[in-house]
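Hi,

Here is the structure I promised to pass on. Have a look at it first, and my notes come right after.

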Amino acid sequence: MTGVFRIFGAPHRYIQGPDALDALGRVAAAFGPSPVVIADAFILERMGARVEANLRDAGLTPVILTFGGEITYPAIDALITSLCGVVPAIAIGIGGGKSLDAAKGLALKLGIDVITVPTIASNDSPTSASIAMYDDQHVMISVDRLKRSPEAVIVDTKLIAAAPALFLRAGIGDAISKKFEAEGCLAGHGITPFGTRPLITGIAIADACYRVLRAHSAAALQSVERGEVSDALEATVEAVILMSGLGFENGGLSLSHSLTRGLVKARGAKSAIHGQHVAWGVLVQLAAEGRPDAELVDMIAFHRSLDLATTLQQLGMDNATDAEIADIAEWTMTAPHLKNLPFTITAADVALAIHHVERLAA
Ligand SMILES: [Zn+2]
């Protein structure tokens with residue numbers, strides 16, 4: 001195998017804990033005096049003054065931009081235009097997925113680094129170099145990649161604990177799949193988003209992610225229901241944002257995420273959050289891999305204990321017809337990650353696996 005290299009990529013710093021937001025100024029100061037902060041109006045209203053004071057205390061003069069709406073190329077260009085030709089020292093995205101992706105998009109275009117500050121834990125994108133780009137009709141048109149992973153990821157667990165539990169629940173759903181996707185990728189000929197075969201490290205992290213979720217995610221959701229930070233929440237947030245992100249970027253995606261290509265078009269189910277799509281997708285992947293029913297039933301019980309979707313109905317698609325399931329399977333086949341499975345799969349195989357899960361979970 002001489003000449004065949006493999007890549008491991010990760011953020012330079014990951015900082016997590018209660019009031020981690022207060023580390024932002026110190027981290028950003030290493031890059032120069034004029035960062036740009038991108039956040040939506042809701043976040044700026046709640047914590048804009050705190051963030052600005054923190055940055056100014058670190059000797060910085062931030063430019064603060066409000067971002068709302070979809071991540072499109074014109075929207076990124078509009079953010080850059082509002083900087084009037086000044087290239088900021090670093091881009092800081094604060095909020096849910098859109099503000100972080102806007103900061104990443106701006107950073108990619110200007111050739112600067114990015115710091116992500118997620119205020120919810122609904123998926124692992126804060127850790128990743130990926131940017132989901134959309135058109136004006138809210139249809140995803142590409143997944144662009146930063147040249148460098150985020151410089152820092154800052155996760156304030158007090159903010160995560162204060163957010164609605166549905167977000168952390170979705171983040172858990174998005175993270176459960178990573179072990180199964182990465183292991184299949186390694187077993188076959190799969191490649192990671194870095195374009196190489198996985199190193200063992202990525203698979204080990206995805207496996208640890210799953211074990212942490214099995215041990216701590218139920219208690220973590222309970223502590224978010226109470227609005228409290230706990231050890232279980234800290235462990236689960238680490239699994240959802242850091243381990244899951246490192247696991248997929250260094251381990252690869254496959255069928256669980258490919259199924260989201262079908263679900264985002266499916267009647268009713270299209271409105272469900274990404275992490276619920278992926279949670280259901282894990283079950284279909286296990287069925288497609290031909291795992292024993294006992295293993296599937298165990299995973300269905302785990303999902304139920306967390307209120308994660310086990311049926312199309314729970315995703316919002318009542319009484320799915322055979323034709324509708326066939327459509328989901330066909331749309332799934334358009335995903336590039338499907339070739340990361342260690343076996344070839346057809347739309348008919350995917351549909352059979354969906355029917356099998358529907359029967360078992362009914
Ligand atoms: Zn995902």
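Below is what turned up, starting with the metal site and then moving on to the pocket, the cavity and a few single residues.

Before anything else, keep in mind that this is a predicted model.

**The zinc site**

Three residues coordinate the zinc ion: Asp 174 through OD, and His 257 and His 274 each through NE2, at 2.1 Å. If you want the pattern along the chain, the donors are spaced as D-x82-H-x16-H. His 257 sits in helix α9 (residues 255–258) and His 274 in helix α11 (residues 274–288), so the two histidines tie together parts that are 17 residues apart in sequence. As for how covered they are, His 257 has a relative accessibility of 9%, so it counts as buried. His 274, with a relative accessible area of 32%, is partly exposed. No water is included among the atoms, so the site may look incomplete.

**Helix α11**

This is the helix that carries His 274. α11 runs for 15 residues and spans 20 Å from its first C-alpha to its last, close to the 21 Å expected at 1.5 Å a residue. Most of α11 is covered, with 13 of its 15 residues buried. Just after the helix comes Gly 290, which has a positive phi of about 75 degrees.

**The largest pocket**

You will probably want to start here. The largest pocket has a volume of about 1,700 Å³. Its lining counts 47 residues, and the closest to the centre are Ala 132, Tyr 134, Met 140, Thr 260 and His 274. That last name also appears among the zinc ligands. Where does the lining of the largest pocket lie relative to domain 1 and domain 2? Domain 1 (13–162) and domain 2 (165–361) both contribute residues, so the pocket lies between them. Elements that each supply at least two lining residues include α4 (97–110), β6 (130–134), β7 (140–145) and α6 (165–187), along with α10 (260–263) and α11. By class, the lining splits into 18 nonpolar, 17 polar and 12 charged residues.

**The cavity**

Searching the whole structure gives 1 cavity of 30 Å³ or more. The largest cavity has a volume of about 50 Å³. Among the residues lining it are Gly 95, Gly 96, Gly 97, Leu 100, Pro 118 and Ile 120. Its lining has 5 nonpolar and 6 polar residues, and no charged ones.

**Single residues**

Two buried residues sit in helices already mentioned for the pocket lining. Ser 99 is in α4, and its relative accessibility of 2% makes it buried. Cys 185 belongs to α6 and is buried too, at a relative accessible area of 0%. For a sense of distance, Cys 185 and Ala 53 are 132 residues apart along the chain, and their C-alpha atoms are separated by 45 Å.

If you check backbone torsions, two residues other than glycine have a positive phi. Asp 19 has phi near 65 degrees; Asp 19 lies in the loop between β1 (13–17) and α1 (24–29) and is partly exposed at 29% relative accessibility. His 138 also has phi near 65 degrees. The loop between β6 and β7 holds His 138, which is exposed with a relative accessible area of 56%.

Cheers

Technical notes
Residues are numbered from 1 along each chain as its sequence is written. This is a predicted model: local features need pLDDT of at least 70, side-chain atom pairs count only at pLDDT 80 or more; totals for chains, interfaces and linings use all residues. Side-chain values use heavy atoms; hydrogens and water are left out. Donors are N, O and S atoms within 2.8 Å of the metal (3.2 Å for Na, K and Ca); water is not among the atoms, so sites may look incomplete. Helices (H or I, at least four residues) and strands (E, at least two) are DSSP runs, numbered from the N terminus. Buried means under 20% relative accessible area, exposed over 50%, partly exposed in between (1.4 Å probe, protein chains only). The expected span of a helix is 1.5 Å times one less than its number of residues. On a 1 Å grid over the protein atoms alone, a cavity is a set of points where a 1.4 Å probe fits but cannot get out, and a pocket is an open set with protein on both sides within 12 Å along at least five of seven lines; lining residues have an atom within 4 Å of a point. Grid points are joined across faces, edges and corners, and a volume is the space filled by probe spheres set on the points. Ala, Val, Leu, Ile, Met, Phe, Trp, Tyr, Cys and Pro count as nonpolar, Asp, Glu, Lys and Arg as charged, and the others, Gly among them, as polar. Domain bounds come from an automatic or database domain assignment.
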